Amino acid sequence: MAIEARSEKIGAGDATVDHFYLTLIAASGAVRVIELTPQLSVRPLDGNLQGQLDRYLELLSSTHSTGLRHLTLDALDKGSASYR
């Protein structure tokens, strides 16, 4: 699972708009890229994974650094995940 921001130029000027994309790898190995919009809601079905994501996001919000944070989730098998 990854989230990527892509900037797109608007018109002939220097104006840009950011689009955010969620990349998921299914258990079958298929890669899906979904544009995140205000109308889209995504949540893990696995309660343990949701708890791990909540703890990670809480950790990010508690840090005072404005540096880049990178999250990589590896699905090892059904119901388990790890962070790198």
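The exercises below, each with a worked solution, concern a predicted model of a protein chain.

**Exercise 1. Overall architecture**

Determine how many helices and strands the protein chain holds, and in which pattern they follow one another along the sequence.

Solution. Begin with the inventory, in which the secondary structure of the protein chain comes to 1 helix and 5 strands. Next, place these elements in sequence order, which gives the pattern β-β-β-α-β-β. Then turn to burial: the protein chain has 84 residues, of which 10% count as buried. As for its surface, the protein chain exposes about 6900 Å², and carbon and sulfur atoms supply 56% of that area. Finally, consider the contacts between residues at least 6 apart in sequence, of which 16% join residues at least 24 apart.

**Exercise 2. Arg6 and its partners**

Work out which side chain meets that of Arg6 in a salt bridge, and over which ring the charged end of Arg6 sits.

Solution. The count comes first, since the structure holds 1 salt bridge. This pairing brings together the side chains of Glu4 and Arg6, with a distance of 3.4 Å from N to O. To see that the pair qualifies, compare that distance with the cut-off, which asks for a side-chain nitrogen of Lys or Arg within 4 Å of a carboxyl oxygen of Asp or Glu. In general terms, side chains of opposite charge can pair when their charged atoms come close. Accessibility is the next step: Glu4 counts as partly exposed at 37% relative accessibility, and Arg6 likewise counts as partly exposed, at 37%. The last step concerns the ring, for the charged end of Arg6 sits over that of Tyr21, 4.2 Å from the ring centre. As to pairs between aromatic rings, the structure holds 0 of them.

**Exercise 3. A nonpolar patch and Val31**

Identify which residues make the nonpolar surface patch of about 290 Å², and decide whether Val31 is buried or exposed.

Solution. The patch is made by Ile25, Val31 and Val33. Locating Val31 in the secondary structure places this residue in strand 3, which covers residues 31-36. Its relative accessible area is 56%, and because exposed means over 50%, Val31 falls in the exposed class.

**Exercise 4. The surroundings of Lys9**

State in which strand Lys9 lies, and which residues Lys9 contacts when its neighbours within four places in sequence are left aside.

Solution. Lys9 belongs to strand 1, formed by residues 2-9. With a relative accessible area of 65%, Lys9 is exposed. Once the neighbours within four places in sequence are set aside, Lys9 is in contact with Ala15 and Thr16.

Technical notes: Residues are numbered from 1 along each chain as its sequence is written. This is a predicted model: local features need pLDDT of at least 70, side-chain atom pairs count only at pLDDT 80 or more; totals for chains, interfaces and linings use all residues. Side-chain values use heavy atoms; hydrogens and water are left out. Patches are made of residues with over 30% relative accessible area and no salt bridge: like charges are joined within 9 Å, nonpolar side chains (Val, Leu, Ile, Met, Phe, Trp, Tyr) within 5 Å. Accessible areas come from the Shrake-Rupley method with a 1.4 Å probe; for residues, only the protein chains shown count as cover. Helices (H or I, at least four residues) and strands (E, at least two) are DSSP runs, numbered from the N terminus. Buried means under 20% relative accessible area, exposed over 50%, partly exposed in between (1.4 Å probe, protein chains only). Contact means heavy atoms within 4.5 Å. Rings of Phe, Tyr and Trp (its six-membered ring) pair if their centres lie within 6.5 Å; planes under 30 degrees apart count as stacked, over 60 as edge-to-face and the rest as tilted. A charge sits over a ring if NZ of Lys or CZ of Arg is within 6 Å of the ring centre and within 35 degrees of the ring normal.
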